[in-house]
Amino acid sequence: MSALVVDKIRKSFGALETLRGIDIALESGEFLVLLGASGCGKSTLLNIIAGLAEPSGGDVRLDGRSLIGVHPKDRDIAMVFQSYALYPNLSVRRNIGFGLEMRKVPAAEREKAVLEAARLLQIEPLLDRRPSQLSGGQRQRVAIGRALVRHPKLFLFDEPLSNLDAKLRMEMRTELKRLHQMMKTTVVYVTHDQIEAMTLATRIAVMQGGQIEQLGTPEEIYNRPATLYVATFVGAPPMNLLDAVATGSGLQVVGSDTAIPLPPALAAALPRDHAVKLGIRPESFRAEGGGLPLTLTCDVTELTGPELILSGSIGGQRLVATLPPRTRAAPGETITLALDVEALHLFDVESGRRIEAA
Ligand SMILES: Nc1ncnc2c1ncn2[C@@H]1O[C@H](COP(=O)(O)OP(=O)(O)OP(=O)(O)O)[C@@H](O)[C@H]1O
Ligand SMILES: [Mg+2]
C-alpha cells in the first residue's frame, strides 16, 4: 500500500483551473519534490494535502485513509512554511514545544520531545534564547523542530530554504537530507530550485500549468527528460537545443554541414526530413578523447574555477559546452570537441515530447 496517494486532484479558483488532475502515489519514506516555475500550482497542491484548501475534485489518502473532510489538525501531517513566523516572546524551547503545549501534552513528555528535536537539529545550546537572538538558519531549524516534535506520518515543506542566503541554503539542504535519512518519514517538498530538487528527492514531480509533466527519480528526470519543458527546466547551464532534420541514418544540424549519425533503432523512429530538437547537455562535450567530432565557433569563454564554460555556435545556432578548465579555446576561432553520442536527446518539435528508439 502506498503511504500517500493523490488521486485525480483538481482545483479551480472561479474560472481559473489551477490543478488539472494530479496523480501521485508515494511509498512510505519517500522524499517527493514538487518542482516547477512560479504559479504552476505547487503550493495549492501542498495546501490541499495539508487540509488548508479544499480540492474541487479527487481524493487524497494517507495510509489508505481518505483525508477529504478531515480537519488539518487531525491529519497527522506537519507543515513547514517559507515564512516560519516564530513567536518572538517565547524561548526556542517553548517555540518548538508550543504545538504540544496546545495539545496539553504533559510537561515532562514535552521536554523530552523538545530535547530530542533540538539534538537532531543541533540547536541544543540555543534552547533558552529568543528568536531575535538567532541567525536565519537557526530560526529555520526551530521551525523544523516545531514540525519534528509531532512525529507526523507526513512532512510538508513549502520552499523552506528560500529566505536563506546561498551558503546557508546549501548547509540546510544537507542537514535536511541527513534528517530524512535518520527519520525516514515521508516528505513532500516544494521548490523551484532544481538543485534542491535533484539533491534531496527520491522522486521529482516536474509541474507546469497545473499538471505533472514528468514524475521520476532525479536520474530519470535528468537523463531521460520526457518533454522539452523538463529538459530545459533541470540542468545549469541548461540543455542545448539545436534545430535538426532527420536524414534517414541520422540528423543534419540546420544551417550547417554537421551530420550526426544515430543508432539505427533511433534513426528508424524518425521519418526522413522530420524536424526535431536535438538536445545536448553542456557536459556531454569533451575537449579530447573519444566521441563524435563536432566543430563549433567559439564566441566567449568563462572560467568558473572547476570548469570552463564555452559559448559558441554551429551553423548560427547557439551552443554552450562545459569543459575542463585548461581547455585551449580562443574567441573567434573554431574548436573541435568530441560529443558523447550516447547522451543525445531528441524531441518532437510539435508535441515537445521525447523521441525514443522504435
Ligand atoms: N486563493 C486563490 N484565489 C485565486 N487564485 C489563486 C489562489 N491561490 C492560488 N491561486 C492561483 O493559482 C495558481 C497557482 O498558485 P500556487 O500558489 O499554487 O503556485 P506556486 O506553484 O506555489 O507558485 P510560487 O512558486 O510562486 O509559490 C496561480 O495562478 C495563483 O494565482
Ligand atoms: Mg508557492
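**Figure 1. Buried residues of helix 4 in a predicted model.** The buried residues of helix 4 are Gly137, Gln140, Arg141, Val142, Ala143, Ile144, Gly145, Ala147 and Leu148. Buried means under 20% relative accessible area, exposed over 50%, and partly exposed in between, with a 1.4 Å probe and protein chains only. Their cover includes strand 6 (77–80), helix 2 (92–102), helix 3 (107–121), strand 7 (154–158) and helix 5 (166–183). Helix 4 itself spans residues 136–148, 13 in number, and reaches 18 Å from its first C-alpha to its last. That is close to the 18 Å expected at 1.5 Å a residue, where the expected span is 1.5 Å times one less than the number of residues. Helices (H or I, at least four residues) and strands (E, at least two) are DSSP runs, numbered from the N terminus. An α-helix has 3.6 residues a turn, so residues three or four places apart point the same way.

The model is predicted: local features need pLDDT of at least 70 and side-chain atom pairs count only at pLDDT 80 or more, while totals for chains, interfaces and linings use all residues. Residues are numbered from 1 along each chain as its sequence is written, chains are lettered from A and ligands numbered from 1 in the order in which they are written, and side-chain values use heavy atoms, with hydrogens and water left out.

**Figure 2. The shell around ligand 1.** Phe13, Leu16, Thr18, Ala37, Ser38, Gly39, Cys40, Gly41, Lys42, Ser43, Thr44 and Glu159 surround ligand 1, each with a heavy atom within 4 Å of it. Strand 2 (16–26) and helix 1 (42–50) each supply at least two of these residues, and helix 1 gives the largest share, three residues. By class, four are nonpolar, six polar and two charged; Ala, Val, Leu, Ile, Met, Phe, Trp, Tyr, Cys and Pro count as nonpolar, Asp, Glu, Lys and Arg as charged, and the others, Gly among them, as polar.

**Figure 3. Oxygen atoms of ligand 1 and their polar partners.** A polar backbone atom of Gly39 is 2.8 Å from an oxygen atom of ligand 1. For Lys42, a polar side-chain atom lies 2.8 Å from a ligand 1 oxygen. In Ser43, an N or O atom of the side chain is 2.8 Å from an oxygen atom of ligand 1. The protein covers 56% of the 630 Å² of accessible area that ligand 1 has on its own, by the Shrake-Rupley method with a 1.4 Å probe.

**Figure 4. Val206 in strand 9.** Val206 belongs to strand 9 (residues 203–208) and counts as buried because its relative accessibility is 0%. Its C-alpha atom is 4.8 Å from that of Leu35, 171 residues apart along the chain. Beyond residues up to four places away in sequence, Val206 touches Leu35, Gln211, Ile212, Glu213, Gln214, Ile221, Tyr229 and Val230, contact meaning heavy atoms within 4.5 Å.

**Figure 5. Thr227 in a loop.** Thr227 is found between helix 7 (218–223) and helix 8 (228–233). With a relative accessible area of 7%, Thr227 is buried. Not counting residues up to four places away in sequence, Thr227 touches Glu213, Phe347, Gly352 and Arg353.

**Figure 6. Asp76 in the loop before strand 6.** The loop that holds Asp76 runs between strand 5 (65–66) and strand 6. Asp76 is partly exposed, at a relative accessible area of 31%. Leaving out residues up to four places away in sequence, Asp76 touches Leu62, His151, Pro152, Lys153 and Leu154.

Terms used:
Polar contact = N/O pair within 3.5 Å; in protein donor to acceptor, adjacent residues only side chain to side chain.
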